[in-house]
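Please open the model in your viewer and keep the sequence panel at hand. The tour below proceeds by selections, each followed by a description of what is found there.

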Amino acid sequence: MAYAQTEKVKEDAAVLEQKKKLATEEKAKLPKPYNPKADAQKDINAVIAKAKKENKNIIIQAGGNWCIWCLRFNQFVQTTPELKEIVDKNYVYYHLNFSPDNENKKVFAKYVNTKERQGYPFFIVLDKNGKKIHIQQSDVLEHEKGYSLEKVKEFFDKWAPKS
């Protein structure tokens, strides 16, 4: 019996190693929208000014280039014409970096309770004046190894500025 369990553990380790390898390969191919060197507060101030001028709301996608789900979401929105159209029409979009290089603690503290553990990515929705109107976790938007078009579309539609 012990031999069978040892073989199962070896098999599980091999499967896990293969999954890690595939994720690393996928990550390498995806665009990296987060800039750890950015002055996030300065960038967000510019995003707010642009949103006011264009009468749009703001989506801040919090995460980092280390996060496969963050990169997948960015790629999904950028390559799905229906979603890209909704975002471009209604939002000014910003990728807020969280990484060992730059945790952006002061910026995050303005919008979320930094003592609570966050799953990445998550989204901070601001009105055109920079007032927080919603925090959205991404796990509810997932479907299998990606995101649900219907759920993501519903999220973007729900928080778009009311005309």
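The stops run from the whole chain to its cores, then to two helices and a disulfide.

**The whole chain**

Begin with the full chain, bearing in mind that this is a predicted model. Shown as a cartoon, the chain has 6 helices and 6 strands. Traced from the N terminus, their order is α-α-β-α-α-β-α-β-β-β-β-α. The C-alpha trace spans about 70 × 35 × 25 Å along its principal axes. Switch to a surface: the chain exposes about 10200 Å², of which carbon and sulfur atoms supply 54%. Of the 163 residues, 40% count as buried. Among contacts with a separation of 6 or more, 71% are between residues 24 or more positions apart.

**The nonpolar cores**

Next, select Ile44, Ile58, Ile60, Tyr94, Leu96, Tyr111 and Phe122, and show their side chains. These residues have the most contacts inside the largest nonpolar core, which has 23 residues. Two or more core residues come from each of α2 (40-54), β1, β2, α5 (105-111) and β3 (122-126). Which element gives the largest share of this core? It is α2, with 5 residues.

Centre the view on isoleucine 58. Neighbours within four places in sequence aside, isoleucine 58 is in contact with Val47, Ile48, Ala51, Tyr91, Val92, Ile124, Val125, Leu126 and Asp127. A second, separate core has 17 residues, including Ile86, Tyr91, Val125 and Leu141. In soluble globular proteins, nonpolar side chains tend to be buried together.

**Helix α4**

Now select residues 81-90, which form helix α4. Which of its faces is buried, and which is exposed? Leu83, Ile86, Val87 and Asn90 are buried. Those four cover an arc of only 95° around the axis and therefore lie on the same side of α4. An α-helix has 3.6 residues a turn, so residues three or four places apart point the same way. Rotate to the face turned away from the buried side, where Pro81, Glu85 and Lys89 are exposed. To see the packing of the buried residues of α4, add β1 (57-63), α3 (68-79), β2 (91-97) and α6 (149-158), against which they lie.

Stay in α4 and zoom in on asparagine 90. Asparagine 90 is buried, with a relative accessible area of 13%. Its side chain reaches the backbone oxygen of isoleucine 86 at 2.9 Å. Asparagine 90 also touches Lys56, Asn57, Ala160 and Pro161, if residues up to four places away in sequence are not counted.

**Helix α6**

Move on to α6, one of the elements packed against the buried residues of α4. In α6, the buried residues are Val152, Phe155 and Phe156. Because they cover an arc of only 95° around the axis, these three are on the same side of α6. Turn the helix over to find Glu150, Glu154 and Lys158, which are exposed on the other side.

**The disulfide**

Finally, select cysteine 67 and cysteine 70 and show them as sticks. How many disulfides does the structure hold? It holds 1, joining cysteine 67 to cysteine 70 with an S to S distance of 2.5 Å. The torsion about this S-S bond is about 80°, so the disulfide is right-handed. Both cysteine 67 and cysteine 70 are buried.

Definitions and conventions. Residues are numbered from 1 along each chain as its sequence is written. Side-chain values use heavy atoms; hydrogens and water are left out. Buried means under 20% relative accessible area, exposed over 50%, partly exposed in between (1.4 Å probe, protein chains only). The arc is that of the directions from the helix axis to the C-beta atoms. Contact means heavy atoms within 4.5 Å. A polar contact is a pair of N or O atoms within 3.5 Å; within protein, one must be able to donate a hydrogen and the other to accept it, and residues adjacent in sequence count only if both atoms are side-chain atoms. A disulfide is a pair of cysteine sulfur atoms within 2.5 Å. A nonpolar core is a set of buried Ala, Val, Leu, Ile, Met, Phe, Trp, Tyr and Cys residues joined through side-chain atoms within 4.5 Å. Accessible areas come from the Shrake-Rupley method with a 1.4 Å probe; for residues, only the protein chains shown count as cover.
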